[in-house]
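Colleague: Got a minute for this one? I'd like to go through it with you.

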Amino acid sequence: SSHIQHATNKRENKMATRRLLSLSRTFSGRAFSSAPPKFLISTTETVSGHTIVESFGLVAGSTVRARNIGQDIFTQVKAAFGGELSAYTELLSESRKEATERMQQAAEELGANAVIAARFSSANVTTQASEILVYGTAVKVRKD
């Protein structure tokens, strides 16, 4: 039993590390690197160390994902006993990343090199599918 618990904890730690690396790449434009990011995404209305030189308006990215029926059954059993629902955590992390990439692409098509005031939203489309939406203001910034 302790061997199984150890393997489960090891797998969950590995998944958490992957999620952190993914979020690092998504939100900072780099993964533990000193290279300057090519595209900036900020939840604030400014970008520290930069001046906004042009605003292009609202941009958004979204994705709609359905849950896997096998994962759904396993997750319902796990939910009855409590704890993190790691299959859903991973699904939502992938969905946020995909929506963010789509928002970035929309901004770049307008000529922006940053998005400010970025926000996430989610909604159930059906009982089996959810939408993740990310939106913000596309801008062109210049380093001070």
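Colleague: How many contacts beyond four places in sequence does the model have for residues 1-9?

Modeller: Zero. This is a predicted model, and pLDDT stays under 50 over residues 1-9.

Colleague: And what about residues 23-34?

Modeller: pLDDT stays under 50 there too. For residues 23-34 the model has 18 contacts beyond four places in sequence.

Colleague: What's the mean pLDDT of the protein chain?

Modeller: The mean is 77, with 62% of residues at 70 or more. Among the elements, helix α1 (residues 2-28) has the lowest mean, 47. The highest is β1, at 96.

Colleague: Switching to the sheet. What's the strand order?

Modeller: β1-β3-β4-β2, an open sheet of four strands with mixed pairing. β1 (40-41) and β2 (50-66) are the edge strands, each pairing on one side only.

Colleague: How many bridges between β2 and β4?

Modeller: There are 15, in the antiparallel sense. β4 covers residues 129-143. One pair to look at: Gly61 has Val134 in β4 as its bridge partner.

Colleague: Which strands does α3 lie across?

Modeller: β1, β2, β3 (114-126) and β4. Helix α3 (residues 86-110) runs at about 140 degrees to β2.

Colleague: Which α3 residues are buried?

Modeller: Ten names to check, among them Tyr88, Leu91, Ser95, Glu98, Ala99 and Met103. In an α-helix there are 3.6 residues a turn, so residues three or four places apart point the same way.

Colleague: How far apart are the end C-alpha atoms of α3?

Modeller: 36 Å. That agrees with the expected span, because 25 residues at 1.5 Å a residue should span 36 Å.

Colleague: What follows α3?

Modeller: Gly111, with a positive phi near 100 degrees.

Notes:
Residues are numbered from 1 along each chain as its sequence is written. This is a predicted model: local features need pLDDT of at least 70, side-chain atom pairs count only at pLDDT 80 or more; totals for chains, interfaces and linings use all residues. Side-chain values use heavy atoms; hydrogens and water are left out. Two strands pair if DSSP finds at least two bridges between them. Helices (H or I, at least four residues) and strands (E, at least two) are DSSP runs, numbered from the N terminus. Contact means heavy atoms within 4.5 Å. Axes are lines fitted to C-alpha atoms, for helices over the stretch in contact, and angles run from 0 to 180 degrees between N-to-C directions. pLDDT is the predictor's confidence in each residue, from 0 to 100. The expected span of a helix is 1.5 Å times one less than its number of residues. Buried means under 20% relative accessible area, exposed over 50%, partly exposed in between (1.4 Å probe, protein chains only).
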